[in-house]
Amino acid sequence: MSNVNDRDTSSSDQKGSLDRYFKISARGSSVRQEVLAGLTTFLAMVYSIVVVPSLLGQAGFPVETVFVATCLVAGLGSLAMGLWANLPMAVGCAISLTAFTAFSLVLGQGLSIPVVLGAVFLMGVLFTLISATGIRAWILRNIPIGIAHGTGIGIGLFLLMIATSGIGAVVKNPGAGLPVQFGDFTSFPVMIAFIGLAVIIGLERLKVPGGILLVIVAISALGLIFDPAVTYKGMSSMPSLVAKDGTSLIFSLDIMGALQLAVLPSILALVMTAVFDATGTIRAVAGQANLLDKDGQIINGGRALTTDSVSSMLSGLVGASPAAVYIESAAGTAAGGRTGLTALVVGVLFLLLLFFSPLAGLVPGYATAPALMYVGLLMLSNVARLDFDDFVDAMAGLICAVFIVLTSNIVTGIMLGFASLVIGRVCSGEWRKLNISIVLIAAALVTFYVGGWAI
């Protein structure tokens with residue numbers, strides 16, 4: 001009997017220490033809720049292990065080693081975010097920066113892969129210095145409240161665009177007129193995704209635990225049954241950072257080559273894009289999860305900013321593209337994630353995926369699309385937080401939001417938001433509401449675009 005009591009006491013102590021470390025109860029969550037949120041985020045962003053190797057593969061990177069590197073960056077970066085920053089945000093190789101790395105640096109400028117990896121590493125070093133010295137936190141503190149909420153709205157719209165275009169619900173208009181049109185509603189991916197979205201809304205209204213995750217799993221099962229493109233290709237495989245031809249990208253970076261004068265503007269572009277893109281994403285996800293202090297600043301924001309910048313250094317070392325906090329982290333916070341345990345679960349799953357890569361193909365894009373659409377709709381609620389009594393601030397926020405989705409670029413929306421805020425304040429005679437920090441950030445962003453360095 002005493003042995004049973006001892007086991008119960010030990011289990012209770014372990015649960016208590018886990019709760020205390022991650023502050024689970026203090027943030028109104030539970031271990032079960034955090035684990036479900038982690039699974040949801042993982043499934044929402046697992047597509048990256050297919051997209052990133054595919055993009056870099058077109059530039060000559062060995063696909064099999066990039067797959068392993070992508071999992072390592074996502075796994076270790078998310079573990080660090082969870083254990084150190086204690087925030088429910090997952091890190092991974094940024095898709096936009098991956099495309100820039102492949103098509104602009106390698107294929108466009110003709111840089112060798114080692115030089116490009118050196119540039120990625122140096123970008124991570126500069127990114128980390130900006131984060132560690134407080135410059136990035138200073139930028140975060142000086143994002144006007146309207147633009148902060150506008151970034152959340154814009155990212156919500158951006159998620160909707162990513163999800164719907166990914167399943168063919170929104171497609172390019174081949175004729176004259178508007179650039180996009182509605183796709184084929186009768187196709188299996190489109191119909192099942194919209195049904196899944198409606199089911200998620202119903203389950204969330206009923207507060208069914210893990211409702212988002214249940215829909216993802218259910219649609220994946222339906223895909224395996226009815227979609228010929230979804231097939232079981234085995235259970236496990238051994239990871240390797242050495243390609244079949246014997247080449248390896250690990251520690252193959254050429255830092256001296258990346259310090260050439262011709263490469264430095266590209267490094268600057270990577271840094272500037274990462275600073276404002278990832279900072280805006282972190283602010284939006286933290287705001288959705290109510291992880292802001294009484295001054296409206298992100299709890300452990302400095303650690304979060306440093307974690308994703310250090311992850312880019314890791315990318316350069318193992319042969320991957322720059323890293324950042326994933327927008328899809330919002331899927332986990334929508335599922336109830338409030339602590340670093342969510343990110344810890346994501347990190348562990350990506351490391352396990354190194355050995356179970358064939359299983360990733362069992363989660364088609366249309367299975368995670370309903371979750372991303374739902375999160376995007378939730379983030380549109382930031383509109384209610386805009387203070388239209390401060391008309392210039394609110395309109396700057398809306399400009400930021402709209403142009404994030406119209407340009408498919410978070411930094412572009414933030415730049416236009418800052419520029420319109422400064423000009424609007426001056427023209428309305430409210431220039432006293434400006435401070436030197438806002439003017440400097442606006443000037444830096446506009447210069448970045450005028451100089452042609454924007455990605």
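**Exercise 1. Work out how H18 and H19 pack.**

Start with the geometry: the axes of helix H18 (residues 410–427) and helix H19 (residues 436–450) approach within 9 Å and cross at roughly 130°. Axes here are lines fitted to C-alpha atoms, for helices over the stretch in contact, with angles from 0 to 180 degrees between N-to-C directions. Helices are DSSP runs (H or I, at least four residues), numbered from the N terminus.

Next, name the arrangement. H18 is therefore oblique to H19; angles under 35 degrees count as roughly parallel, over 145 as roughly antiparallel, 65 to 115 as roughly perpendicular and the rest as oblique. The crossing of the two, H18 and H19, is left-handed, meaning that the near helix is turned anticlockwise from the far one by less than a right angle.

Now list who touches whom, with contact taken as heavy atoms within 4.5 Å. On the H18 side you'll find Val411, Thr412, Ile414, Met415, Phe418, Ala419, Leu421 and Val422, and they meet Ile438, Val439, Ile441, Ala442, Leu445, Val446 and Tyr449 of H19. Sorted by class, the contact of H18 with H19 has 14 nonpolar residues, one polar and no charged. For the classes, Ala, Val, Leu, Ile, Met, Phe, Trp, Tyr, Cys and Pro count as nonpolar, Asp, Glu, Lys and Arg as charged, and the others, Gly among them, as polar.

A word on the model before going on: it is predicted, so local features need pLDDT of at least 70 and side-chain atom pairs count only at pLDDT 80 or more, while totals for chains, interfaces and linings use all residues. Residues are numbered from 1 along each chain as its sequence is written, and side-chain values use heavy atoms, with hydrogens and water left out.

**Exercise 2. Compare the expected and modelled spans of H6 and H8, then check their burial.**

Take H6 (residues 113–132) to begin with. At 1.5 Å a residue its 20 residues should span 28 Å, and its end C-alpha atoms are 28 Å apart, which agrees. The expected span is 1.5 Å times one less than the number of residues.

Burial comes next: 14 of the 20 residues of H6 are buried, and the helix is mostly covered. Buried means under 20% relative accessible area, exposed over 50% and partly exposed in between (1.4 Å probe, protein chains only). After H6 comes Gly134, with a positive phi near 90°.

Repeat for H8 (residues 145–166). Its 22 residues reach 31 Å from first C-alpha to last, close to the expected 32 Å. Of these 22 residues, 16 are buried, so H8 is largely enclosed by the rest of the structure. Gly168 follows H8, and its phi is positive too, near 85°.

**Exercise 3. Describe the packing of H6 on H13, and place two serines in it.**

The axes of H6 and H13 are 7 Å apart, at an angle of about 165°. That makes H6 roughly antiparallel to H13. H6 passes H13 in a left-handed crossing. The contact includes Leu117, Val120, Gly124, Phe127 and Thr128 of H6, with Ser309, Met313 and Ser315 among the H13 residues. The residues of the contact of H6 with H13 divide into eleven nonpolar, eight polar and one charged.

Now the serines. Ser309 sits in helix H13 (residues 301–318) and counts as buried at 0% relative accessibility. Setting aside neighbours within four places in sequence, Ser309 contacts Gly124, Phe127, Thr128, Ser131 and Arg136.

Ser315 is also in H13 and is buried, with a relative accessible area of 0%. Not counting residues up to four places away in sequence, Ser315 touches Val73, Cys93, Leu117, Val120, Ala320, Ser321, Pro322 and Ala323. C-alpha to C-alpha, Ser315 and Gly124 are 8.5 Å apart in space, though 191 residues apart in sequence.

**Exercise 4. Characterise Lys207 and Asn300 by phi, location and accessibility.**

Most residues other than glycine have a negative phi. Lys207 has a positive one, near 60°. Lys207 lies in the loop between H9 (188–205) and H10 (211–226) and counts as exposed at 71% relative accessibility.

Asn300 likewise has a positive phi near 60°, in the loop between H12 (264–288) and H13. Its relative accessible area is 31%, so Asn300 is partly exposed. Beyond its neighbours within four places in sequence, Asn300 is in contact with Arg27, Ala85, Asn86 and Leu87.
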